[in-house]
Amino acid sequence: MKFFVDTADTAAIRELNDLGMVDGVTTNPSLILKSGRDILEVTKEICDMVSGPVSAEVVATEAKEMIAEGMKLAKIAPNIAIKVPLTWDGLTACKAFASEGHMVNVTLCFSPAQALLAAKAGATFISPFIGRLDDIHLDGMELIADIRQIYDNYDFRTEILAASIRSVNHAIESARIGADVMTAPPSVIKSMANHVLTDKGLDQFLKDWAKTGQKIL
């Protein structure tokens, strides 16, 4: 499973990237706002840091403007994945970008039907939003499973990018079902290392080691 980090915080990306935990990055207008930086500037910095796909999202709502914005974003670096919403205009833009050889991340997917359309339009990635479905008492994991089955049935090359991941359980269940990629905030990725029994065991080892009176360095 590929790990994309969902942030525009370059310090957080660098920390995870240095550990080999970053296969790509996803950004969106909300994350750009949070960073407080110019979209072109921060996206360029991220692209220079990370070798994998970096999703940069258009903000237009009509296909013609989406295509113009996406083409400008694609000029930032070769590893840009142009991110478009799963609307009819977004699918039109997706087809245009894919036809030009650009990576495309179709985002805000909430149904198998939408995912099927995105694959037909040539999306590189489809981003089903797990957490937001859970928020309205639907099963986000069921969506991942449905998309996996449909894509496998027809050998679609579009990769399932599990998004809106809020917890370690989301990450593990996405991996269990077979999502190709997950994108999560740095805090969720780092929390995957945590376990109460690891902490308890380490505490006991350190107490026992102190009793030996020895030092390694």
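This passage describes strand pairing, the packing of one helix, aromatic ring pairs and cysteines in a predicted model.

Strand E3, which spans residues 54–57, pairs with two other strands. With strand E2 (residues 24–26), E3 pairs in the parallel sense over two bridges, and within this pairing Val25 stands opposite Val54 of E3. With strand E4 (residues 80–85), E3 again pairs in the parallel sense, here over four bridges, and Ser55 stands opposite Ala81 in E4. Between E3 and E4 the chain passes through helix H4 (residues 63–74), and the resulting β-α-β crossover is right-handed. The side chains of E3 are divided between two directions, with Val54 and Ala56 pointing one way and Ser55 and Glu57 the other way, yet all of these residues are buried. Val54, which faces Val25 across the pairing with E2, and Ser55, which faces Ala81 across the pairing with E4, thus point in opposite directions from the strand.

Helix H6 (residues 112–120) has a buried side and an exposed one. Ala115, Ala118 and Ala119 are buried in this helix, and because they cover an arc of only 100° around the axis, they lie on the same side of H6. Such an arrangement can be read from helix geometry, since an α-helix has 3.6 residues a turn and residues three or four places apart therefore point the same way. On the other side of H6, Ala113 and Lys120 are exposed. The buried residues of H6 pack against two helices and two strands, namely helix H5 (88–99), strand E5 (103–109), strand E6 (125–128) and helix H8 (140–154). After H6 comes Gly122, which has a positive phi, near 95°.

Four aromatic pairs are present in the structure. One of them is formed by Phe4 and Phe125, whose rings are 5.6 Å apart centre to centre with 75° between the planes, an edge-to-face arrangement. This pair links distant parts of the chain, given that Phe4 belongs to strand E1 (residues 2–6) and Phe125 to strand E6, 121 residues apart. Both Phe4 and Phe125 are buried. The rings of Tyr151 and Phe156 likewise have their centres 5.6 Å apart, and their planes meet at 65°, so this pair is also edge-to-face. The two residues of the latter pair are not equally covered: Tyr151, at 1% relative accessibility, counts as buried, whereas Phe156 has a relative accessible area of 23% and is therefore partly exposed. Ring pairs join Tyr151 and Phe156 with Tyr154 in a cluster.

The structure holds zero disulfides. Cys47 takes part in none, and the nearest cysteine sulfur to that of Cys47 belongs to Cys94, 19 Å away. For Cys94, the closest cysteine sulfur is that of Cys109, and the separation of 12 Å is too far for a bond. A pair of cysteine sulfur atoms would have to lie within 2.5 Å to count as a disulfide. Both Cys47 and Cys94 are nevertheless buried, with a relative accessible area of 7% for Cys47 and of 0% for Cys94.

Key
Residues numbered from 1 in each chain as written. Predicted model: local features only at pLDDT ≥ 70, side-chain atom pairs only at ≥ 80, totals over all residues. Heavy atoms only, no water. Buried < 20%, exposed > 50% of the residue type's maximum accessible area, 1.4 Å probe, protein only. Pairing = 2+ DSSP bridges. Right-handed = clockwise from strand over helix to strand, strands pointing away. Arc of directions from axis to C-beta. Contact = heavy atoms within 4.5 Å. Phe/Tyr/Trp six-rings, centres within 6.5 Å; stacked < 30°, edge-to-face > 60°.
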